There are 2 protein chains.
Amino acid sequence: MTPHLSEEEWNERVRAHPELAAMPQSLRDAATEQQTKAGERLYAIGDRPQFMLFVTAGELRLTRRAQNGAEVILQRSASGFVAEASLETSRYHCDIVAAQSTRLLRFPIGCFREALREDAAFQAAWMSRLAQEVRKLRAQCERLSLHGAAERIEHYIEAEGQGGRLELRQSRKSWAAELGLTHEALYRALATMVRTGRLRTEMQGDRFVLFACPRKH
Amino acid sequence: MTPHLSEEEWNERVRAHPELAAMPQSLRDAATEQQTKAGERLYAIGDRPQFMLFVTAGELRLTRRAQNGAEVILQRSASGFVAEASLETSRYHCDIVAAQSTRLLRFPIGCFREALREDAAFQAAWMSRLAQEVRKLRAQCERLSLHGAAERIEHYIEAEGQGGRLELRQSRKSWAAELGLTHEALYRALATMVRTGRLRTEMQGDRFVLFACPRKH
DNA sequence: CGTACTTTTGAATCGCATCAAATCTGGTGG
DNA sequence: CCACCAGATTTGATGCGATTCAAAAGTACG
């Protein structure tokens, strides 16, 4: 279940995930691949991080539970690293669960730290990655500070979509959790926005697609 | 208003802000110091970042305005770097304003990037800094995902305080904004929590101090 | 002493959470 | 292929809690 990869397999992964191109050879050699089933919890809060995880297919999520039992999603990744900050900590602060059947690469933490020390290009790429995550999280905080479901929806489309168009890569139900809303509130807000012309929606294949309709300031 | 610092001034700053100790000499030589008045806006959204900013006294904030005009605070720093991600971007995504009269060090971005390339220790320290910011922002997202003012307050005390004790380093009004609440809602929630024994409060000097009272699960 | 700001309380309103239930969907196994 | 099931989507009714608007009292500062 966790074999090392052949040269050819690596080339395949790199084609699909260009971020891997900056990976030094030492790390490639140390990497193993893992396949998980939907719903599986890979690591729990308090576990000692042993690997840096890179999603190549499916989706991993960082989650925590509020005391009322509701699940909070702190990060979703369908392609790329998850739990970047675990490089620096001795324990996970979140659970790591597979939202779907997921394939991922695992890089031993020690090798990862060493590669960062040794390889300047890799280091630069990693810093960019962290900075990008910081920007993304700031946007998420800004969104959650908005009152009103419609405002959060529009903010999300602007931040995560392109030119007012957003292909939703998850169920509306789990999107609701990401927006800090109940799923009922989200469904109703979407319906209202469509009815009042603030939004257009469409199914493209099995993807739900949203178009923001520009409003006068 | 922006003189270079003497050896002695540097030693003073480093004593008060140990994070500066990891700073290579080249950056120290390139740094200038700036003093701003309360309320002053140093940079606006869209400006081209020219310096990395390090607060040594007072407080800087990263802010944005929601379309309803409400101010959203994305980062507060009374000691240390602000707007870390501006190292990677060609434009500011937030305004940078002084919450109080503030003193800060300014490091030219070009020198900063070069120092990261050249100095491994500095680079490691910077990556830790970014990872720490990621964790902090995730905590903030988790907090904002909570419904209920009391839950956010308790979460904040647990995350930012020590052993259930929190010294508030800002007015309750601006704390309310950080919690994603109106100031009225915060005042009322605090009053209710004190009345029902979930919280104890106290003024120590001019600092508002909070004590969470442990509840059974 | 006056001015600006924070803290505090009050009343009315509105939006979201909550609980409930029906419909629709995709996927599984018989 | 169809019956069935789990989960997502959708609609409804109700209540609570936060927002909003308003105003008074307290506090810091020049």
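A polar contact is a pair of N or O atoms within 3.5 Å. In this predicted model, such a contact joins chain A to DNA strand C: an N or O atom in the side chain of Thr182(A) stands 2.9 Å from a phosphate oxygen of that strand. The account below begins with the DNA, strand by strand, and then turns to the sheets and helices of the protein.

DNA strand C is surrounded by 16 residues, of which the closest are Ala149(A), Thr182(A), His147(B), Tyr187(B) and Arg188(B). Besides the contact made by Thr182(A), the side chain of His147(B) places an N or O atom 3.4 Å from a phosphate oxygen of DNA strand C. The bases are reached as well: an N or O atom in the side chain of Arg188(A) is 3.0 Å from a base oxygen of DNA strand C. Of the atoms of DNA strand C that lie within 4 Å of the protein, 54% belong to sugar or phosphate, and the rest belong to bases.

Which helices supply the surface near DNA strand C? At least two residues each come from α7 of chain A and from α6 (172-178) and α7 of chain B. The largest share, 4 residues, is that of α7(B). Sorted by class, this surface holds 4 nonpolar, 6 polar and 6 charged residues.

Attention now passes to DNA strand D. This strand is surrounded by 16 residues, and the closest of them are His147(A), Tyr187(A), Arg188(A), Ala149(B) and Thr182(B). A phosphate oxygen of DNA strand D lies 3.2 Å from a polar side-chain atom of His147(A). From chain B, the side chain of Thr182(B) brings an N or O atom to 2.8 Å from a phosphate oxygen of DNA strand D. Arg188(A), by contrast, addresses a base: an N or O atom of its side chain is 2.8 Å from a base nitrogen of DNA strand D. Among the atoms of DNA strand D within 4 Å of the protein, 50% belong to sugar or phosphate and the rest to bases.

The surface near DNA strand D is likewise described by its helices. Chain A provides at least two residues from each of α6 (172-178) and α7 (183-195), and α7 (183-195) of chain B also provides at least two. Here the largest share, 4 residues, comes from α7(A). The classes represented are 4 nonpolar, 6 polar and 6 charged residues.

Helix α6 of chain A, which takes part in the surface near DNA strand D, also contains Ser174(A). Is Ser174(A) buried or exposed? Buried means under 20% relative accessible area. Ser174(A) has a relative accessible area of 13% and is therefore buried. Residues up to four places away in sequence aside, Ser174(A) touches Arg61(A) and Ile73(A).

The strands of the protein form the next part of the picture. Strands of a sheet pair through backbone hydrogen bonds, either parallel or antiparallel. In chain A, 4 strands form an open sheet in the order β1-β8-β3-β6, with antiparallel pairing. The edges of this sheet are β1 (32-36) and β6 (80-82) of chain A; each has a single partner strand, so one side of each is left without a neighbour in the sheet. From one strand to the next, the twist averages 35°.

Within this sheet, strand β3 (residues 51-57) of chain A is joined to strand β8 (residues 102-108) of chain A by 6 bridges, and the two run antiparallel. One of the residues in this pairing is Ala57(A), whose bridge partner in β8(A) is Arg103(A). Helix α3 (residues 109-118) of chain A lies across β3, β6 and β8 of chain A and runs at about 65° to β8(A).

In chain B, Thr56(B) has its place in strand β3 (residues 51-57). Its relative accessibility is 7%, so Thr56(B) counts as buried. Apart from neighbours within four places in sequence, Thr56(B) is in contact with Arg13(B), His17(B), Glu33(B), Arg103(B), Leu104(B) and Leu105(B).

Chain B also contains a hairpin formed by β4(B) and β5(B), with 5 residues between them. In its turn, Gly69(B) has a positive phi of about 100°. Strand β4 (residues 60-65) of chain B and β5(B) pair in the antiparallel sense over 6 bridges, and Leu60(B) has Ser77(B) as its bridge partner in β5(B). Strand β5 (residues 71-77) of chain B is mostly covered, with 5 of its 7 residues buried.

Technical notes. Residues are numbered from 1 along each chain as its sequence is written. Chains are lettered from A and ligands numbered from 1 in the order in which they are written. This is a predicted model: local features need pLDDT of at least 70, side-chain atom pairs count only at pLDDT 80 or more; totals for chains, interfaces and linings use all residues. Side-chain values use heavy atoms; hydrogens and water are left out. A residue is near a molecule or strand if one of its heavy atoms lies within 4 Å of it. A polar contact is a pair of N or O atoms within 3.5 Å; within protein, one must be able to donate a hydrogen and the other to accept it, and residues adjacent in sequence count only if both atoms are side-chain atoms. Ala, Val, Leu, Ile, Met, Phe, Trp, Tyr, Cys and Pro count as nonpolar, Asp, Glu, Lys and Arg as charged, and the others, Gly among them, as polar. Buried means under 20% relative accessible area, exposed over 50%, partly exposed in between (1.4 Å probe, protein chains only). Two strands pair if DSSP finds at least two bridges between them. Axes are lines fitted to C-alpha atoms, for helices over the stretch in contact, and angles run from 0 to 180 degrees between N-to-C directions. Contact means heavy atoms within 4.5 Å.
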